[in-house]
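Take a walk through this fold, from one residue out to its sheets and helices. Keep the viewer open as you read.

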Amino acid sequence: MGGVQSALNPAGPQAGDIATLTWWFLGVCTLVYVAVIAATAWAIFRRRAASDDSPETTAWLARGVVGAVGVTIVILVALTVSSVVAGRGLTSATGSEPVVVDVIGYQWWWEFQYRSSNPSEIVNSPNELHIPVGVPVGIRAISRDVIHSFWVPRLHGKRDLIPGIETSMWIQADRPGVYRGQCAEFCGHQHAHMAFVVVAEPADAFQSWLAHQRRGAPSPSNADQQRGHDVFMGGACVMCHTIRGTTAGSRIGPDLTHVAGRQTIAAGTLPTSREHLARWVVDPQAIKPGNRMPPNPMSDADLQALLTYLETLR
Ligand code: CUA
């Protein structure tokens, strides 16, 4: 129950409502189950008595059956109503200035895009969603290929990402923390490796994160970094990725402007480290077979320079 991805360990009001509802359903259904088993056992093991066929006993049993049907109807209606009321509550958000994030699903990674009226200030944060604590955050979700499903069990229930149709929900985290999310709709070979993290932080920390993300990449500041930059811009990398502040502007793969500052690479598959980046760059198919990134054989000197450059993208 205490897991990083447990719906029974809620960290916000929406997940709290779902957990409460779950416990009520479990409690009521357990009581019904125990009562039914007890009644069945009583019926099986009791001794037959001569009075069983008397009109009094028949009338008593009839009242028992009618009573049980009545209780069943009351319980079913109560559970249905509580479920509908909880569902209504989940879709209504409160708060004056909610943050809105566009969530875009790809096979097999997530784009989290923070809107801005100034196009140069739109922030892309692949596979890492940052939210301020204590306020509702609007999720506007869409898919660019197949159906995916956005699920952060500690914050909310699942919401499908459907090609061509925007779906929306509100999430809220009541305390700072890192919450794991996972694609919850089978979407192909690497469905299981389509995870992400939600970093919930106090409002000012969130704002400074956002301000930092808006900045472009720093220019190379030594010969090693320059060589890595040139490997990136002269090789296959530039054909799929964006690094803002450079000439790399393709939108096929994740935006790498702040790749080294993120907790994971390959959509939650590996923790970010120089070694993992090296393995990923050289042979991504060995880590996540079927993903769209091709192998990139290169000399060790080029690779080390490229890694040094990538590590400056914080
Ligand atoms: Cu995306 Cu499963």
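Does Phe206 count as buried or exposed, and at what relative accessibility? Phe206 has 2% relative accessibility, so Phe206 counts as buried. Buried means under 20% relative accessible area, exposed over 50%, and partly exposed in between, with a 1.4 Å probe and protein chains only.

Some ground rules come next. This is a predicted model, in which local features need pLDDT of at least 70 and side-chain atom pairs count only at pLDDT 80 or more, while totals for chains, interfaces and linings use all residues. Residues are numbered from 1 along each chain as its sequence is written, and side-chain values use heavy atoms, with hydrogens and water left out.

Phe206 has an aromatic partner, Trp209. Their ring centres lie 6.1 Å apart and their planes meet at 25°, so the pair is stacked. Rings of Phe, Tyr and Trp (its six-membered ring) pair if their centres lie within 6.5 Å; planes under 30 degrees apart count as stacked, over 60 as edge-to-face and the rest as tilted. Trp209 is buried too, because its relative accessibility is 12%. The two residues are 3 apart in helix 3, so about one helical turn separates them. Helices (H or I, at least four residues) and strands (E, at least two) are DSSP runs, numbered from the N terminus.

The whole structure holds 9 aromatic pairs. Tyr106 and Trp109 make a stacked one, with 4.4 Å between centres and 5° between planes. Both of these residues are buried. Trp110, Phe112, Phe150 and Phe196 come together as one aromatic cluster.

Now the sheets. One open sheet has 5 strands in the order 4-10-9-6-7, with mixed pairing. Two strands pair if DSSP finds at least two bridges between them. Strand 4 (128–132) and strand 7 (159–161) are at the edges with a single partner strand each, so one side of each has no neighbour in the sheet. From one strand to the next, the twist averages 25°. Strand 9 (residues 177–183) runs antiparallel to strand 10 (residues 195–201), and 6 bridges pair them. Phe196 in strand 10 stands opposite Gly181. Helix 3 (residues 203–214) packs on this sheet and touches strand 4 and strand 10. The direction of helix 3 makes about 135° with that of strand 4. Contact means heavy atoms within 4.5 Å.

Another open sheet of 5 strands follows the order 3-2-1-5-8, and its pairing is mixed. Its edges are strand 3 (123–124) and strand 8 (167–171), each with a single partner strand, so one side of each lacks a neighbour in the sheet. Strand 1 (residues 99–106) and strand 5 (residues 137–143) run parallel, joined by 7 bridges. Val99 has Val137 of strand 5 as its bridge partner.

Finish with a helix pair. Helix 4 (residues 223–234) packs against helix 7 (residues 300–310) at about 100°, with the axes 7 Å apart. Helix 4 is therefore roughly perpendicular to helix 7. Angles under 35 degrees count as roughly parallel, over 145 as roughly antiparallel, 65 to 115 as roughly perpendicular and the rest as oblique. Axes are lines fitted to C-alpha atoms, for helices over the stretch in contact, and angles run from 0 to 180 degrees between N-to-C directions. Residues of helix 4 in the contact include Arg227 and Phe232, and those of helix 7 include Leu306 and Tyr309. In helix 7, the buried residues include Leu303, Leu306 and Tyr309. Helix 4 and helix 5 (274–282) are among the elements that cover the buried residues of helix 7.
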